[in-house]
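I am opening a notebook on this structure. The entries below record what I looked up, in order.

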Amino acid sequence: MEKRKNILLITSDQQHWCTLGVLNPEIQTPNLDRLAAKGTLFERAYTCNPTCTPTRASIITGQYPSQHGAYSLGTKLPEEVHTVGEDFHKAGYKSALIGKAHFQQLLDHPDYPSIESNPLQQDLDFWRNFSGPFYGFDHVELCRNHTNEFHAGQHYGIWMEDKGLTEWRKYFKTFPDFGGNDDQLTWTLPEEYHYDAWIAERTNAFMQEYHDNDENFFLWASFPDPHPPYLIPEPWASMYDPEKVTVPQMVEGEHDNNPPHFQMTQEDDPDFSSYDEPEGHGLHGCSSHKVVLADINKKIAVYYGMVSMMDKYIGKILDKLEELGLEQDTVVVFSTDHGHFFGQHGLGAKGPFHYEDMVKIPYIVSCPGTVPEGKRSDSMQSLVDLAPTFLSITGINIPRCMTGIDQKEVWYGETETIRDYVLVENRHNPTTMFHKTYIDKRYKLTVYFQGDYGELFDLQEDPEEINNLWNNPDSALLKGELMLKMVKADMGIEPVPMPRVWGA
């Protein structure tokens with residue numbers, strides 16, 4: 001009998017698609033580059049939502065955010081929703097998640113309880129006694145902080161204490177200081193106590209255990225970097241010269257034809273109060289981006305350093321996989337949850353702006369002897385496809401609730417493409433910031449629930465997305481055709497819970 005494949009998923013957080021050395025000579029990622037050399041680099045891969053919780057929930061459910069329920073930051077994935085870990089468990093696989101989950105919100109609520117909330121994150125006694133099951137994973141070891149945010153604790157805090165860093169809290173902010181873009185840029189936390197080192201160490205420990213027990217596994221190593229604050233220990237903080245990094249520039253007047261919230265980001269003190277809703281709690285990116293982009297060359301240098309340090313520890317995971325002789329038995333996928341702005345279009349960090357910088361993502365699939373090596377593909381991929389494809393690869397039936405597409409034949413090089421479009425959802429507030437984007441091989445169309453404005457870009461003729469054709473009279477017919485395609489695409493992702501088993 002053919003041995004079943006293992007699945008090793010490695011993700012970063014908020015990583016721009018072009019921060020791989022194989023695509024960008026300004027940055028060094030030797031380990032991700034070797035993963036690409038041993039596999040296929042997909043250059044048209046997309047998130048299904050430009051924020052963390054919705055996309056991470058989609059990764060484990062194979063559903064779009066509008067279907068699984070965790071539609072925005074500050075919401076949670078309902079516990080009753082089916083996840084891919086349940087399928088792996090029933091099939092005899094072991095499963096674990098090490099690192100960032102973010103399936104639940106930071107505030108506990110009597111109607112919507114969350115164990116990823118404060119102050120429970122800092123209750124190490126709780127976490128010493130909790131390691132799952134959690135959303136289908138047999139075992140989880142979690143951290144929720146990005147760099148020095150006060151959310152530090154959980155299993156990561158336990159690990160630091162076990163390593164002898166009993167005063168670890170002095171390296172992190174304290175409640176209620178959420179942190180932000182730290183001006184220091186260099187983190188005094190010693191590298192050996194960084195969560196990158198913890199994730200690699202614990203991921204490798206589980207791979208060793210699964211190997212020793214001859215167990216198949218689904219293992220997710222979930223790194224929180226390079227999500228801001230821009231902060232990293234030396235020597236990574238000084239690895240890149242701020243004076244030598246390329247700083248993206250906004251084209252003057254490029255937002256003139258864009259929806260109002262694009263234009264408002266360029267004001268000194270914009271008023272976004274018209275987007276407020278009773279169930280809204282702020283909008284990521286809806287503020288002046290001038291402050292965010294101050295000293296952006298220094299922040300880019302540190303952002304690159306965060307990616308390169310993470311790459312080092314991803315290399316340790318890949319080394320372990322090779323050491324255990326599991327390379328040919330394990331499909332490795334590297335990606336991120338969504339993109340990032342560091343000056344493109346005058347924007348910083350993230351927000352409701354569906355440029356390629358925000359929605360296109362790095363995406364590598366590798367399994368020597370199975371996945372074509374050294375290949376670059378323009379076949380469209382979506383993070384919502386991961387769960388069904390993982391199940392297909394491992395010979396497990398795909399449940400009908402999953403609406404992503406099985407990409408196994410594309411990953412294995414048996415066919416060039418299956419998708420001819422992707423959908424990106426963004427319902428950050430229930431109604432006022434609610435839009436969807438349809439992207440095909442050439443065009444991108446974004447439609448808003450409120451407002452007659454929108455975006456239409458020709459990615460072939462205008463790859464930098466400078467010229468919004470939404471109100472261009474010459475593009476009216478094209479816009480109508482794309483809207484029809486978008487409606488059909490949205491209809492096409494509706495789940496069919498069961499087949500028709502009889503006539504009535």
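Which residues of helix α1 (residues 30-37) are buried? I looked them up in a predicted model, and found Asn31, Leu32, Leu35 and Ala36. I then checked how they sit around the axis. They cover an arc of only 145 degrees, which puts them on the same side of α1. I noted the general background: an α-helix has 3.6 residues a turn, so residues three or four places apart point the same way.

Next I looked up the partners of this side. The buried residues of α1 pack against β2 (39-42), α9, β7 (330-336) and β10 (363-366).

I turned to the nonpolar cores. The largest has 108 residues, and within this core Ile10 and Trp411 touch the most other members. Helix α9 (residues 296-323) gives this core its largest share, 15 residues. I also found a second, separate core of 16 residues, with Tyr421, Tyr443, Leu456 and Ala489 among them.

What does Trp411 touch, leaving out residues up to four places away in sequence? I listed Phe42, Val331, Val333, Tyr363, Val365 and Val371, and also Pro372, Gln381, Leu386, Thr389, Phe390 and Ile393.

Last, I looked at the surface. Met498, Val501 and Trp502 make a nonpolar patch of about 430 Å² there. I placed Val501 in the segment after α13 (476-492). Is Val501 buried or exposed? I entered Val501 as exposed, because its relative accessibility is 61% and the cut-off for exposed is over 50%. For background I added that in soluble globular proteins nonpolar side chains tend to be buried together.

Notes. Residues numbered from 1 in each chain as written. Predicted model: local features only at pLDDT ≥ 70, side-chain atom pairs only at ≥ 80, totals over all residues. Heavy atoms only, no water. Core = buried A, V, L, I, M, F, W, Y, C linked by side-chain atoms within 4.5 Å. Buried < 20%, exposed > 50% of the residue type's maximum accessible area, 1.4 Å probe, protein only. Helix = DSSP H or I, 4+ residues; strand = E, 2+ residues; numbered from the N terminus. Contact = heavy atoms within 4.5 Å. Patch = residues over 30% accessible without salt bridge, like charges linked within 9 Å, V, L, I, M, F, W, Y side chains within 5 Å. Areas by Shrake-Rupley, 256 points an atom, 1.4 Å probe, with all protein chains shown as cover. Salt bridge = Lys/Arg side-chain N within 4 Å of Asp/Glu carboxyl O. Arc of directions from axis to C-beta.
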